[in-house]
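Biologist: Please show me the model, and let us discuss the reasons behind the terms used to describe it.

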Amino acid sequence: MQTIKGPSLHLAQFSDAAAPFNSLPAIAQWAADVGFKALQIPAWDKRFFDAATAAVSQDYCDEIVGVLARHGLVISELTSHIFGQLLAVHPAYDAMVDNFAPIEARGNPQARTAWARQGLLDTARASRRLGLTDMGTFSGSLAWPYLFPFPQRPEGLIEAAFDELAKRWRPVLDECDAQGVNLCFEIHPSEDLHDGISFEMFHERVGGHARCAILFDPSHFVLQQLDYLQYLDIYKDHIRMFHVKDAEFNPTGRQGIYGGYQSWINRAGRFRSLGDGQVDFKAIFSKLAHHDYQGWATLEWECCLKDQETGAREGVDFINRHIIPVTSKVFDDFAGAAIDKQQINALLGIA
């Protein structure tokens, strides 16, 4: 077994126009002072990282590594969630996601998809130059508007959506394979890959691709009322990344999983700072240690109540307390005794 690495910090929720959250050197110093050991860098956020440059320039990648090293930090992974989101967009969401794309691609779904595909390829190539083996992403969604439909879905609709999703992702997975990088899909509501079954549907359509992996985030399973501990046992061989994020689900007589169109603070299911929600992290860290999880424990902070800097400081301590330094010994070895084959046979009453 291997001790989980951590804590790392996912930077996406901390990116801001104000210092120290507006540049990689400044946020690296802040994160190190708080106690993080690594940063998970969003490859789409040019305040921190230029994926296109990193894909072709080893000097640039070495410079990024050096910036973090000066503060005693490393890169845990790159993430490509915005690129992944824009690789597959249902037309109902065109206007809302266009803001993620560069100006020249807005209003042009084909150009937006091409930009997203290139961003994913660049992130895979940058990951290799940085010596990383895993990158996170979203699957995007073509079928999500039909999740709970009336009238009923036409026969073949979901199959066609997943066939197209696999078609778009297969070249990216192949490039990840060429770069020695696992592509870890964050299983997330609003994405077509939002639970175990939908991951399996996709995984089958990409031919069980060796680079098709999972980013595990239990908070999204609390909101879906999915058994996240059993999920860890089922998908242990696919899980290569881990977001440590808390959540709670408090249904009432007025609302449940769907949330009644309410704001985050008024939903039955909502994200919370670490330790303030309902996720059983003791059991999660135990299972990950048991299954020899090889990656990082990365704080992804989201909370509808608590200040983010407080959440980050508390999160460092929380993750440190939950990481299990795995043993190299069996606890009752002291009681063992050397015994030969003849003695074993005698103990069993075998002549």
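Modeller: This is a predicted model. A search of the whole structure finds 19 aromatic pairs. Phe 14 and Phe 21 form one such pair, with 6.3 Å from centre to centre and 45° between the planes.

Biologist: Why is the pair of Phe 14 and Phe 21 called tilted?

Modeller: Ring centres must lie within 6.5 Å to pair, and planes under 30 degrees apart count as stacked, over 60 as edge-to-face and the rest as tilted. The centres of Phe 14 and Phe 21 are 6.3 Å apart and their planes form an angle of 45°, so the pair is tilted. Phe 216 and Phe 221 also form a tilted pair, at 6.0 Å centre to centre and 50° between the planes.

Biologist: How do you know whether Phe 14 and Phe 21 are buried or exposed?

Modeller: Buried means under 20% relative accessible area. Phe 14 has 0% relative accessibility and therefore counts as buried. Phe 21, at 7%, is buried because its value is also under 20%.

Biologist: What makes Lys 245 a charge over the ring of Phe 271?

Modeller: Lys 245 lies over the face of Phe 271, at 3.7 Å from the ring centre. The distance limit is 6 Å, so this value satisfies it.

Biologist: Why is Ile 344 called partly exposed?

Modeller: Ile 344 has 35% relative accessibility. Buried means under 20% and exposed over 50%, so Ile 344 falls in between and is partly exposed. Ile 344 is found in helix α13, and is one of the residues that make a nonpolar surface patch of about 500 Å².

How values were computed:
Residues numbered from 1 in each chain as written. Predicted model: local features only at pLDDT ≥ 70, side-chain atom pairs only at ≥ 80, totals over all residues. Heavy atoms only, no water. Buried < 20%, exposed > 50% of the residue type's maximum accessible area, 1.4 Å probe, protein only. Lys NZ or Arg CZ within 6 Å of the ring centre and 35° of its normal. Patch = residues over 30% accessible without salt bridge, like charges linked within 9 Å, V, L, I, M, F, W, Y side chains within 5 Å. Areas by Shrake-Rupley, 256 points an atom, 1.4 Å probe, with all protein chains shown as cover. Salt bridge = Lys/Arg side-chain N within 4 Å of Asp/Glu carboxyl O. Helix = DSSP H or I, 4+ residues; strand = E, 2+ residues; numbered from the N terminus.
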